[in-house]
Amino acid sequence: MCLKTWVIPLVVETPSTTERCRLLLKSWRSSLILSPREHNCLNGELKLVDRQLKRLADHHLRIAVFGRVGVGKSSLINALVGQNILSTDVAHGSTRRQQAVVWPAQRPGLPHVELIDTPGIDEINASGRDRLAAKVAIGSDLILFVLDSDLTEPEHHALTTLLAQGKTVQLVLNRCDRWPDAERQPLIRSLRRRLPEPYRSLPLIPVAAAPRRPQLHRDGSVSSELQAPEVVALQEHLIDYVQRQGDVLLALNALRQADRFEASRQQLRLQQHRKAAQGLIGRYAAAKATGVAVNPVLLIDLAGGMACDTALVMQLCQLYDLPMPKAGARQLLAQLTGQNALLGGIQLGLTALKQLLLVAAPFSAGLTLAPAAPIALAQAALAVHASKRTGTLVAKELLTSLQRQGGQPGALLKRLARQDPLVHHWLNAHPRRSDVDLQVLLP
């Protein structure tokens, strides 16, 4: 009798992108150990990260409504939630601080969505607008940028700041009831032309949050009567977008915020190494300058200088506790070769001249030794410059490779961008500009 053996295939489900982000961020946060200095300097940033991680765990999405004073941000939120929760004022500027309103629309998988009303961006100076835009960008997952006319300079600047943070922005043209269709489309085309170059395809939806209709009375007077809001297209678009990508928005924003924290932490550590690196470069520069100045033999000058440069590279790698990657080493070698070719040629000429003066000394009763001292000083100064330049190039390459490598959250972002088409599309559609200034970290 023949017995059949049934093999049941084992199916292992691959975690979703959102779940992978949650797991990695939970592991990263639990293993994060800060020094007392890091804790004091980065405590505020860490609190922001923890808030975002909690929102990620609770599926709590925040949509910020952003724009100039009087464009109808509060009216738009009232229209979306279907209640007059936020106060509005015809004199404008009634919102003085951020206010959160729960959006009661049904969204499977995302039980908590808040609409955040923000102060008008043109009530404060340029630096204040930058701070407000950065604060809104960090604390929200999606931004509704509300306009009511063509794009102004403050709006353009604020929009550029938000987009540079890598935020997802939805443009909303409010008070569209003021323009007939023949005028509305040219206005939208003009708006798009004035948008920053890479973002002219941003979605833009016309709405009328609090439309008014003129009413003629029997006594001949005219007044305006409030009509029902015209926001259905925006509501449907937001609900669909949040259902499809809300969880991904939460997860990737949490990763980006954790990556930003790691970048701040790395910068803080590198700033601590800056003075030590300066001292180390100074010592090697002094040693190299002394050797070149007192040594009359050309080949020993070159060999000693190369040995000093090699030792300096190794010492800086140890000081920063960073490896020199192969690509960085090749680029550094090319830079140092060009530098040494130029400086080496000058050193060769000075060394040959110094040797000639020393050889001629017996025949000139020592008179030719007088110019040898200034030549030795010039060689020493050149050696100091070469050592400092070498040290700066090494430090810059180490810091650049550290930026490319990033921490755990940044590494996962890059890996997800390669493996997940949705993440790849999202990151390409909303790239974040790096504002790190390496110059302040270089010795």
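Below, a biologist and a modeller talk through a predicted model of one protein.

Biologist: What's the secondary structure count?
Modeller: The predicted model has twelve helices and eight strands.

Biologist: And how much of the protein is buried?
Modeller: Of its 443 residues, 45% are buried. The exposed surface comes to about 23700 Å², with 58% of that supplied by carbon and sulfur atoms.

Biologist: What share of the contacts is long-range, say 24 or more positions apart?
Modeller: Counting contacts with a separation of 6 or more, 77% are between residues 24 or more positions apart.

Biologist: Let's go inside. Which residues touch the most other members in the largest nonpolar core?
Modeller: I63, L76, W103, L252 and L255 do, in a core of 55 residues. Helix α7 gives the largest share of this core, 14 residues.

Biologist: Is there another core apart from that one, and how many residues does it have? Which ones, for instance?
Modeller: A separate core has 27 residues, including L132, A133, F145 and L163.

Biologist: Back to L255. What is L255 in contact with, beyond its sequence neighbours?
Modeller: Past the residues within four places in sequence, L255 contacts C21, L24 and L25, and also P409, L412, L413 and L416.

Biologist: C21 again, then. Why does C21 count as buried?
Modeller: Its relative accessibility is 0%, and the cut-off for buried is under 20%, so C21 qualifies. C176 is buried too, because its relative accessible area is 4%.

Biologist: How many disulfides?
Modeller: Zero in this structure.

Biologist: Different topic: N253. Where is N253 found?
Modeller: N253 lies in helix α7, which spans residues 232-294.

Biologist: Buried or exposed?
Modeller: N253 is buried, because its relative accessibility is 5%.

Biologist: What does the side chain of N253 pair with?
Modeller: The N253 side chain makes a polar contact of 3.3 Å with the side chain of D141. Outside four places in sequence, the residues in contact with N253 are Q52, S140, D141, K167 and W426.

Biologist: Last one, α3. How many of its residues are buried?
Modeller: Nine of nine, over residues 73-81, so the helix is mostly covered given that buried means under 20% relative accessible area.

Biologist: Which polar or charged ones are in there?
Modeller: The buried residues of α3 include K73, S74, S75 and N78. L76, I77, A79, L80 and V81 are also on that list.

Biologist: What happens just after α3?
Modeller: G82 follows, with a positive phi of about 80°.

Key
Residues are numbered from 1 along each chain as its sequence is written. This is a predicted model: local features need pLDDT of at least 70, side-chain atom pairs count only at pLDDT 80 or more; totals for chains, interfaces and linings use all residues. Side-chain values use heavy atoms; hydrogens and water are left out. A disulfide is a pair of cysteine sulfur atoms within 2.5 Å. Buried means under 20% relative accessible area, exposed over 50%, partly exposed in between (1.4 Å probe, protein chains only). Helices (H or I, at least four residues) and strands (E, at least two) are DSSP runs, numbered from the N terminus. A polar contact is a pair of N or O atoms within 3.5 Å; within protein, one must be able to donate a hydrogen and the other to accept it, and residues adjacent in sequence count only if both atoms are side-chain atoms. Contact means heavy atoms within 4.5 Å. Accessible areas come from the Shrake-Rupley method with a 1.4 Å probe; for residues, only the protein chains shown count as cover. A nonpolar core is a set of buried Ala, Val, Leu, Ile, Met, Phe, Trp, Tyr and Cys residues joined through side-chain atoms within 4.5 Å.
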